[in-house]
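Colleague: Could you take me through the aromatic pairing in this one, and zoom in on a single pair?

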Amino acid sequence: QTKIRNGRIYIRNWDIWDNWMEWREVYAEKISTITYEDSRTSLYLSGKCEHRLGEISSLILSLPRSIDERYESYFTFISGEIPTSLTYSATPIRWSGDDVDYDGVFIPEANKIYEVAVKYLGDDGEGNPIISARVGVV
């Protein structure tokens with residue numbers, strides 16, 4: 001159950017084992033939206049931002065050097081008659097969802113609109129960030 005009080009969002013936590021309940025504040029940070037009018041070929045996925053692109057033939061994605069635990073970014077684009085060619089930075093991205101192949105590689109197809117959610121999931125055993133990208137076709 002959720003409630004909003006004075007512009008703040010709260011959720012109810014219930015512990016069935018110890019039979020107690022509490023309201024805990026949820027920090028919902030505002031996501032900025034940027035709409036690009038140009039047909040850019042590179043995109044810096046800044047945190048807490050939704051990037052709206054038009055039809056693009058190629059796209060190079062880059063991530064911030066430092067990623068905190070609340071990192072999330074979103075982008076949408078149109079893959080036209082010629083499928084969009086996608087490249088991304090050295091930081092590995094774990095892709096899942098529509099048009100992601102068996103090896104976990106996102107390969108955009110022609111004539112589709114894509115919506116991608118990118119999030120930080122934690123660090124691996126060597127301290128490297130684990131980045132997840134979920135792909136949906138609109």
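Modeller: Sure, surface first: the protein exposes about 9,300 Å², with carbon and sulfur atoms supplying 48% of that (Shrake-Rupley areas, 1.4 Å probe; for residues, only the protein chains shown count as cover). Keep in mind that this is a predicted model, where local features need pLDDT of at least 70 and side-chain atom pairs count only at pLDDT 80 or more, while totals for chains, interfaces and linings use all residues. Residues are numbered from 1 along each chain as its sequence is written, and side-chain values use heavy atoms, leaving out hydrogens and water.

As for the fold, there are 12 strands and zero helices (DSSP runs: E of at least two residues for strands, H or I of at least four for helices, numbered from the N terminus).

Now the rings. Searching the whole structure turns up six aromatic pairs (rings of Phe, Tyr and Trp, the last by its six-membered ring, with centres within 6.5 Å; planes under 30 degrees apart are stacked, over 60 edge-to-face, the rest tilted). The one to zoom in on is phenylalanine 106 with tyrosine 114, an edge-to-face pair at 5.1 Å centre to centre and 75 degrees between the planes. Both partners are buried, phenylalanine 106 at a relative accessible area of 5% and tyrosine 114 at 0% (buried is under 20%, exposed over 50%, partly exposed in between; 1.4 Å probe, protein chains only). Across the protein, buried residues make up 31% of the 138.

Zoom out a little, and Phe106 and Tyr114 belong to one aromatic cluster together with Phe75, Phe77, Tyr88 and Trp95.
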